[in-house]
Amino acid sequence: MQLPAPRLLIGGDWIDAAERETIPVIDPSTGETFGAIARGKDADVDRAVAAARKALSGLWGAMTAIERGRILHHLSSLIEREADRLAHFEARDVGKPLAQARADVTACARYFEYYGGAADKLHGETIPFQAGYAVLTWYEPHGVTGHIVPWNYPLQIMGRSVAAALAVGNACVVKPGEDASLTALILGELALEAGLPEGVLNIVTGFGEEAGAALAGHPGVNHVSFTGSVEVGALVQQAAGRNVVPVTLELGGKSPQIVFADADLEAALPFLVRASIQNAGQTCSAGSRVLIERPIFDQVATALAERFRALRVGSALSNLDIGPIINQRQRDRIAGIVEEAAQAGAPLLAEGEISPDTPGGGFYVHPALFGPVDPACDLAQREVFGPVLALIPFEGEDEAVRIANGVEYGLVAGIWTRDGGRQLRIARRLRAGQVFVNNFGAAGGVELPFGGVGKSGHGREKGFEGLYGFASLKTVAIKYE
Ligand code: NAD
């Protein structure tokens, strides 16, 4: 399969970075280098922003929403056509099992399909006002939107923010994660083939402190969509704040799943495992804390331990339950957290196995299940971003809500109970952007608005709501008498 060239997409052309430097692409399954991406910096971001600005005053700016929607639909079908290549490179670049990479391709295609369909349905209102006035509102694009994307779900995260921004009529500059940029570049190829005019989608690969920082603080950028860590999110917000432009921050999480004694455990158990280990736990919405009502704590802990012991870790292309961690640094960080938790006295209930034929140089960790864990301890408070699950006992609704809300994050939460009144009571009281009852994650849920409260960020992407963040509302008051 053909690797994308180490180039930047600027103004419809594939070009070398101004300083002609590259960054090696490392396969986390083997630790080996298998390609390179361009190392874009300030000057490249300058060119990309200028190209996007130019596109706004050209063909793209004059296009109707119907035409924009058709291009996005076409792009969606091209993503499906290229599913094998996209899934292969997503799996190798991120280290995710091939089946997960395929699911990510499907979700990415769905974002372009969904927002292609939504493009001509974003409409304003008329507002009753004083006699002799007609007042109406229009949604307009911000202009140039910057998209800073992390490495964990490159296709999905680029899809959700870029498709929505394009549907509204913005021109985009994307800075993919330096650890996994390949599929962003393939999306760039497909966008040109789909008929997106030159300069509407620009891609500048490179390091966060270089290309990312240049994009976040660029005076020519009118909106920044950032997905990543809390620390960098705060820097991006500061940088954009200097230009007084809006920012959407999709940050981390420590999402709880609350299991009451009346829950359907057979239904819950697979979700409790999958939500904590999917993508090797490197998922912002990972259900990394399971709160269990005391009468069933031992029963649930035993059943989860059995499932954790059966988990198999291996290379991305071997397509087992869990792949490697993205890089050596993250692998060591996760291993350190597991070691510290064990030293601090958290009982290690079970570990999964690393498959014996796994390549030696990859960045693997054992999935680990701990419990009972004190809700105040580090393991229960901090985002591990690895396949590590903490079990926490509770008694009654009030304690469940107190523990669930007792972290600085608020991204996603799950409730498992058959009691309809309790489902709604708890859903109301949880501090989270999304609450799932008797399920978790809704298989990605392209249609479902997503985002956080607290340190999980602000603003919403996904669903129809996702369009509003990329639009600026104009009020027009016409005096006709
Ligand atoms: P990160 O914050 O290190 O990097 C994210 C992106 O920001 C990358 O493209 C990086 O190059 C860039 N960046 C780094 N420094 C920068 C700077 N100074 N200025 C501008 N850009 C900079 O995050 P990561 O390690 O790639 O991803 C992991 C984090 O992302 C986790 O905390 C996870 O929870 C979060 N995440 C959140 C969501 C969500 O939707 N809420 C989704 C995925 C990941």
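These legends describe close-up views of a predicted model.

**View 1. The ligand in its pocket.** The ligand occupies the largest pocket of the protein. Around the ligand there are 29 residues, and V149, E178, S229, L251 and E383 are the closest. By type, this shell consists of 16 nonpolar, eight polar and five charged residues.

**View 2. Polar contacts of the ligand.** Three side chains are picked out here, those of R160, S229 and E383. In R160, an N or O atom of the side chain lies 2.8 Å from an oxygen atom of the ligand. The side chain of S229 has an N or O atom 2.6 Å from an oxygen atom of the ligand. For E383, the distance from a polar side-chain atom to a ligand oxygen atom is 2.6 Å. The ligand taken alone exposes 840 Å², and the protein buries 90% of that area.

**View 3. Where the shell comes from.** Among the elements around the ligand are the helices α6 (154-168), α8 (208-216) and α9 (230-242), together with the strand β10 (223-227). Each of these four supplies at least two residues of the shell. The shell also draws on two domains: domain 1 (8-251 + 459-476) and domain 2 (256-445) each give at least three residues.

**View 4. The cis peptide bond at P372.** G371 and P372 are joined by a cis peptide bond, with an omega of about -5 degrees. P372 belongs to the loop that runs between β17 (368-370) and α13 (378-381).

**View 5. The backbone at N319.** The phi angle of N319 is positive, at about 60 degrees, although this residue is not a glycine. N319 is part of the loop between β14 (312-313) and α12 (328-343).

Key:
Residues are numbered from 1 along each chain as its sequence is written. This is a predicted model: local features need pLDDT of at least 70, side-chain atom pairs count only at pLDDT 80 or more; totals for chains, interfaces and linings use all residues. Side-chain values use heavy atoms; hydrogens and water are left out. A residue is near a molecule or strand if one of its heavy atoms lies within 4 Å of it. A polar contact is a pair of N or O atoms within 3.5 Å; within protein, one must be able to donate a hydrogen and the other to accept it, and residues adjacent in sequence count only if both atoms are side-chain atoms. Accessible areas come from the Shrake-Rupley method with a 1.4 Å probe; for residues, only the protein chains shown count as cover. On a 1 Å grid over the protein atoms alone, a cavity is a set of points where a 1.4 Å probe fits but cannot get out, and a pocket is an open set with protein on both sides within 12 Å along at least five of seven lines; lining residues have an atom within 4 Å of a point. A molecule sits in a cavity or pocket if more than half of its atoms lie within 2 Å of its grid points. Ala, Val, Leu, Ile, Met, Phe, Trp, Tyr, Cys and Pro count as nonpolar, Asp, Glu, Lys and Arg as charged, and the others, Gly among them, as polar. Domain bounds come from an automatic or database domain assignment.
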